[in-house]
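Here is a short, friendly tour of the cysteine pairs and one of the pockets in this protein. Keep the viewer open as you read.

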Amino acid sequence: MRFNLVATAVAATMALFSPAALQAQAAGSLISATPAAGVPAGMQAWSIHYWSPDEQGRMQDLSGMVAAPIGPAPRIQRPVLAWTHGTWGVATQCAPSLSPAFFTATAGLAGVAQGYVVVAPDYPGLGSAGVHPYLGGIPAARSTLDAIRAARSIPEAAAGPQYALWGASQGGHAALWTAQLSPSYAPELKLVGVAAAAPPTDLIANLQGGDDPSIRAFLTAFTAYSWSGYYGAPLASLGGPQTQMIITRLAQNNCVGIDSKPKLGAMIGMVLLKNRLQGVDLGKIQPWSGIARMNSLNPAAITVPMLVAQNPNDVIVSPPVTRTYARAACAAGKTVKWIDIVGKGHPTSAEDSSAATMAWIADRFAGKAAPSDCGSI
């Protein structure tokens with residue numbers, strides 16, 4: 001009897017490492033695609049789970065959404081627009097795909113009307129187990145590229161290998177990082193261009209910038225909580241037990257509301273944290289500054305045309321920092337389209353630049369020569 005139990009256990013272990021099982025957990029393999037509820041007219045959508053490796057190579061079950069035009073799959077595969085979302089929060093429940101506001105708050109879904117498959121990853125730790133690496137470049141990029149791979153396994157979507165990237169705020173950072181990583185991580189996919197609205201680029205400068213100190217304190221709480229859990233940076237280096245408690249509560253209990261003001265508790269926490277963090281500069285404290293530098297963008301690393309959009313009145317992502325990045329990309333010989341956004345401010349950066357961005361993306365799929373504003377940025 002004992003021999004049979006051992007034999008069964010050995011057989012189960014061998015099955016776990018069989019070629020078929022390993023293939024099932026390959027990066028970008030689709031785990032499930034469930035038809036989504038509340039989908040707007042003219043599109044079909046699926047809530048997806050897929051495999052993607054963490055930075056130690058361990059496979060994670062990640063989540064996201066895929067949307068496509070309604071109707072049967074076309075004879076020719078559809079181009080893909082990968083939408084990388086801005087800040088919704090750092091707690092698991094803050095995943096965009098879990099929100100009833102997903103279809104009204106996701107600017108990238110404009111691509112469905114253009115005939116594109118829109119792939120919207122949640123990023124690691126949002127809608128899935130583990131800590132969300134807020135503004136973590138490689139984790140966001142891998143999760144995005146593997147979501148595109150997974151979407152190609154949905155027959156009705158008919159997603160092809162050609163894709164563009166578009167993101168805003170945190171998602172602008174993710175889009176640019178995905179463009180950096182794509183040649184080495186997903187060479188079978190064909191990137192035509194990357195668009196980023198109000199992207200954090202030099203994270204040390206971005207952590208120091210921004211004209212709204214309360215919002216900066218709120219985002220510092222997200223950053224500190226995330227980097228403490230993901231990279232092991234000690235919260236104690238930023239303040240005592242009460243400061244650490246405020247950071248933790250702000251991060252754990254607050255998802256960013258769409259078109260809504262923060263809750264009273266969050267507003268009080270932001271004021272308290274703002275006062276407690278006076279004189280604290282993450283860009284000058286290790287390991288925080290090293291983590292920020294590691295996750296900052298390299299303006300010379302992207303090999304496809306870029307569009308960078310920035311509202312000059314943005315009080316969250318510093319416009320001079322974004323402009324410096326674009327100018328450095330130009331100096332490195334990159335093709336950069338620049339848009340000065342006219343609109344309400346940071347929260348609507350994607351919507352306010354949507355028409356121009358979607359036209360630019362359509363031209364990239366059409367194979368037209370990319371325009372450059374490098375002489376006037």
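## The link between cysteines 330 and 374

Cysteine 330 and cysteine 374 are joined by a disulfide, with 2.0 Å from S to S. Please keep in mind that you are looking at a predicted model. The torsion about the S-S bond of cysteine 330 and cysteine 374 is -80°, a left-handed link. Cysteine 330 sits in helix H11 (residues 319-331) and cysteine 374 in the segment after helix H13 (354-365), so the disulfide ties together parts that are 44 residues apart in sequence.

How accessible are the two partners? Cysteine 330 has a relative accessibility of 17% and counts as buried, because the cut-off for buried is under 20%. Cysteine 374, at 27%, counts as partly exposed.

## The link between cysteines 94 and 255

The other pair to look up is cysteine 94 with cysteine 255, again a disulfide with an S to S distance of 2.0 Å. This pair links distant parts of the chain, 161 residues apart. Cysteine 94 is found in the loop between strand S4 (78-84) and helix H3 (102-105), while cysteine 255 is in the loop between helix H8 (241-253) and helix H9 (264-276). The torsion about the S-S bond of cysteine 94 and cysteine 255 is about -90°, so this disulfide is left-handed.

Here, too, you can check each partner in turn. Cysteine 94 is buried, with a relative accessible area of 2%. Cysteine 255 is partly exposed, at 38% relative accessibility.

## How the pairs are arranged

How many disulfides does the count come to? The total is two. With the bonded cysteines counted along the chain, the pattern is 1-2, 3-4. In that pattern, cysteine 94 goes with cysteine 255, and cysteine 330 goes with cysteine 374.

## The second largest pocket

Now for a change of scene: the second largest pocket has a volume of about 310 Å³. It is lined by 14 residues, and the closest to the pocket centre are Leu207, Arg216, Thr220, Leu277 and Val280.

Which helix gives the most to the lining of this pocket? That is H7, with four residues. Helix H6 (203-208) and helix H7 (213-231) each supply at least two residues of the lining. As for the chemistry of the second largest pocket, the lining residues divide into seven nonpolar, four polar and three charged.

Key. Residues numbered from 1 in each chain as written. Predicted model: local features only at pLDDT ≥ 70, side-chain atom pairs only at ≥ 80, totals over all residues. Heavy atoms only, no water. Disulfide = S-S within 2.5 Å. Buried < 20%, exposed > 50% of the residue type's maximum accessible area, 1.4 Å probe, protein only. 1 Å grid on protein atoms, 1.4 Å probe; cavity = no way out; pocket = protein on both sides within 12 Å on 5 of 7 lines; lining within 4 Å. Points joined across faces, edges and corners; volume = space filled by probe spheres on them. Nonpolar A, V, L, I, M, F, W, Y, C, P; charged D, E, K, R; others polar.
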